[in-house]
Amino acid sequence: MGGSQDGPIDYHTAPQLLGHLTTTEIQDVPLLIPDLTHVEFCDSSALGAFVDIHRRRSDAGHRFALTGVRPEVRRILELTRLTSFPSLHETVEDVLTGG
(Lines give C-alpha, C1' and ligand atoms only; values in the text may rest on other atoms or scores of the structure.)
Protein backbone atom coordinates (compact mmCIF):
# COMPACT_ATOMS: atom_id res chain seq x y z
CA MET A 1 0.00 0.00 0.00
CA GLY A 2 1.42 3.36 -0.98
CA GLY A 3 0.49 6.84 0.13
CA SER A 4 1.73 10.37 -0.35
CA GLN A 5 2.69 13.01 2.19
CA ASP A 6 2.94 16.68 1.20
CA GLY A 7 4.76 19.46 3.02
CA PRO A 8 7.02 19.23 6.04
CA ILE A 9 6.76 16.47 8.59
CA ASP A 10 7.40 18.18 11.89
CA TYR A 11 6.02 18.44 15.42
CA HIS A 12 2.75 19.79 14.00
CA THR A 13 2.17 17.06 11.42
CA ALA A 14 4.05 14.00 12.77
CA PRO A 15 1.30 13.01 15.24
CA GLN A 16 -1.29 13.16 12.44
CA LEU A 17 0.96 11.07 10.17
CA LEU A 18 1.59 8.55 12.95
CA GLY A 19 -2.14 8.33 13.65
CA HIS A 20 -2.97 7.84 9.98
CA LEU A 21 -0.30 5.18 9.40
CA THR A 22 -1.25 3.15 12.48
CA THR A 23 -5.02 2.93 12.01
CA THR A 24 -6.77 -0.43 12.31
CA GLU A 25 -7.45 -0.35 8.56
CA ILE A 26 -3.71 -0.16 7.85
CA GLN A 27 -2.22 -2.22 10.68
CA ASP A 28 -2.71 -5.56 8.88
CA VAL A 29 -1.44 -4.39 5.48
CA PRO A 30 1.71 -6.47 4.89
CA LEU A 31 3.69 -3.66 3.22
CA LEU A 32 3.29 0.07 3.85
CA ILE A 33 5.13 2.44 1.49
CA PRO A 34 4.66 6.19 2.07
CA ASP A 35 5.90 8.38 -0.80
CA LEU A 36 7.90 11.36 0.49
CA THR A 37 8.53 12.97 -2.91
CA HIS A 38 6.85 16.20 -1.78
CA VAL A 39 8.38 16.31 1.71
CA GLU A 40 11.16 18.91 1.83
CA PHE A 41 11.81 18.80 5.57
CA CYS A 42 11.39 16.51 8.54
CA ASP A 43 12.40 17.09 12.14
CA SER A 44 12.99 14.82 15.13
CA SER A 45 9.24 14.33 15.54
CA ALA A 46 9.09 12.83 12.05
CA LEU A 47 12.09 10.63 12.76
CA GLY A 48 10.45 9.42 15.95
CA ALA A 49 7.24 8.69 14.04
CA PHE A 50 9.14 6.69 11.40
CA VAL A 51 10.92 4.66 14.08
CA ASP A 52 7.64 4.05 15.94
CA ILE A 53 5.82 2.97 12.77
CA HIS A 54 8.71 0.69 11.81
CA ARG A 55 8.78 -0.89 15.28
CA ARG A 56 5.02 -1.46 15.35
CA ARG A 57 5.03 -2.99 11.88
CA SER A 58 8.08 -5.16 12.56
CA ASP A 59 6.52 -6.43 15.78
CA ALA A 60 3.43 -7.41 13.75
CA GLY A 61 5.54 -9.11 11.06
CA HIS A 62 4.86 -6.40 8.46
CA ARG A 63 7.17 -4.25 6.34
CA PHE A 64 7.60 -0.46 6.16
CA ALA A 65 9.60 1.39 3.50
CA LEU A 66 9.89 5.00 2.38
CA THR A 67 10.07 6.07 -1.24
CA GLY A 68 10.83 9.35 -2.99
CA VAL A 69 13.08 10.58 -0.18
CA ARG A 70 14.52 13.93 -1.26
CA PRO A 71 18.22 14.67 -0.68
CA GLU A 72 17.55 17.09 2.20
CA VAL A 73 15.41 14.51 4.02
CA ARG A 74 17.84 11.69 3.22
CA ARG A 75 20.63 13.79 4.74
CA ILE A 76 18.69 14.09 8.03
CA LEU A 77 18.10 10.33 8.03
CA GLU A 78 21.81 9.71 7.34
CA LEU A 79 22.95 12.10 10.08
CA THR A 80 20.77 10.26 12.59
CA ARG A 81 21.75 6.85 11.19
CA LEU A 82 18.16 5.98 10.29
CA THR A 83 18.79 4.88 6.70
CA SER A 84 18.34 1.16 7.30
CA PHE A 85 14.98 1.32 9.03
CA PRO A 86 12.71 2.14 7.53
CA SER A 87 14.29 1.05 4.28
CA LEU A 88 14.69 3.82 1.71
CA HIS A 89 13.95 3.35 -1.97
CA GLU A 90 13.58 5.59 -5.00
CA THR A 91 10.23 4.16 -6.13
CA VAL A 92 7.52 1.73 -5.05
CA GLU A 93 8.71 -0.59 -7.81
CA ASP A 94 12.18 -0.64 -6.20
CA VAL A 95 10.62 -1.76 -2.92
CA LEU A 96 8.67 -4.51 -4.62
CA THR A 97 11.63 -5.77 -6.66
CA GLY A 98 14.23 -5.35 -3.92
CA GLY A 99 16.02 -2.57 -5.84
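**Close-up views of a predicted model**

**View 1. Pro71 at helix α4.** Pro71 is found in helix α4, a stretch covering residues 71–79. This is a predicted model, so read every view here with that in mind. Is Pro71 buried or exposed? With a relative accessible area of 62%, Pro71 counts as exposed, because the cut-off for that label is over 50%. Look for Glu40 as well: Pro71 and Glu40 sit 31 residues apart in sequence, yet their C-alpha atoms are 8.6 Å apart in space.

**View 2. The whole chain, for orientation.** Here is the layout to keep in mind for the other views. The chain has five helices and four strands, and from the N terminus on they come in the order β-α-α-β-α-β-α-β-α. Of the 99 residues in the chain, 38% are buried. Taking contacts with a separation of 6 or more, 75% are between residues 24 or more positions apart.

**View 3. The β-α-β unit built from β2, α3 and β3.** Strand β2 (residues 31–38), helix α3 (residues 44–59) and strand β3 (residues 63–67) form a β-α-β unit, and its hand is right. The two strands, β2 and β3, run parallel and are joined by three bridges. To find your way along this pairing, start at Leu32, whose bridge partner in β3 is Phe64. Then go to Asp35, which stands opposite Thr67 of β3.

**View 4. Helix α3 from end to end.** At the N-terminal end, Asp43 does the capping: one of its side-chain oxygens lies 2.9 Å from the backbone nitrogen of Ser45. Does the length of α3 agree with expectation, and what should its 16 residues span? At 1.5 Å a residue they should span 22 Å, and the end C-alpha atoms are indeed 22 Å apart, so the two values agree. Just after the helix comes Gly61, with a positive phi of about 80 degrees.

**View 5. The buried side of α3.** Which residues of α3 are buried? They are Ala46, Leu47, Ala49, Phe50, Asp52, Ile53 and Arg57, a list that takes in Asp52 and Arg57 along with Phe50 and Ile53. The buried residues of this helix have plenty of partners to pick out, packing against α1, α2 (24–27), β2, β3 and α4.

**View 6. The largest nonpolar core.** Nonpolar side chains tend to be buried together in soluble globular proteins. In this model the largest nonpolar core has 22 residues. The ones with the most contacts inside it are Ile9, Leu36, Phe50, Leu66, Val69 and Leu77. At least two residues of this core come from each of α1 (14–21), β2, α3, β3 and α4. The largest share, five residues, belongs to α3.

**View 7. From β3 across to His89 in β4.** Strand β3 is mostly covered, with four of its five residues buried. β3 pairs with β4 in the parallel sense, over three bridges. Follow Thr67 across and you land on His89, which stands opposite it in β4; that strand takes in residues 87–89. His89 is buried, at a relative accessible area of 13%, because under 20% earns that label. Its side chain also makes a polar contact of 3.2 Å with the side chain of Ser87. Thr67 links this view back to β2, where Asp35 stands opposite Thr67.

Technical notes:
Residues numbered from 1 in each chain as written. Predicted model: local features only at pLDDT ≥ 70, side-chain atom pairs only at ≥ 80, totals over all residues. Heavy atoms only, no water. Pairing = 2+ DSSP bridges. Right-handed = clockwise from strand over helix to strand, strands pointing away. Core = buried A, V, L, I, M, F, W, Y, C linked by side-chain atoms within 4.5 Å. Buried < 20%, exposed > 50% of the residue type's maximum accessible area, 1.4 Å probe, protein only. Polar contact = N/O pair within 3.5 Å; in protein donor to acceptor, adjacent residues only side chain to side chain. Expected span 1.5 Å × (residues − 1). Contact = heavy atoms within 4.5 Å.
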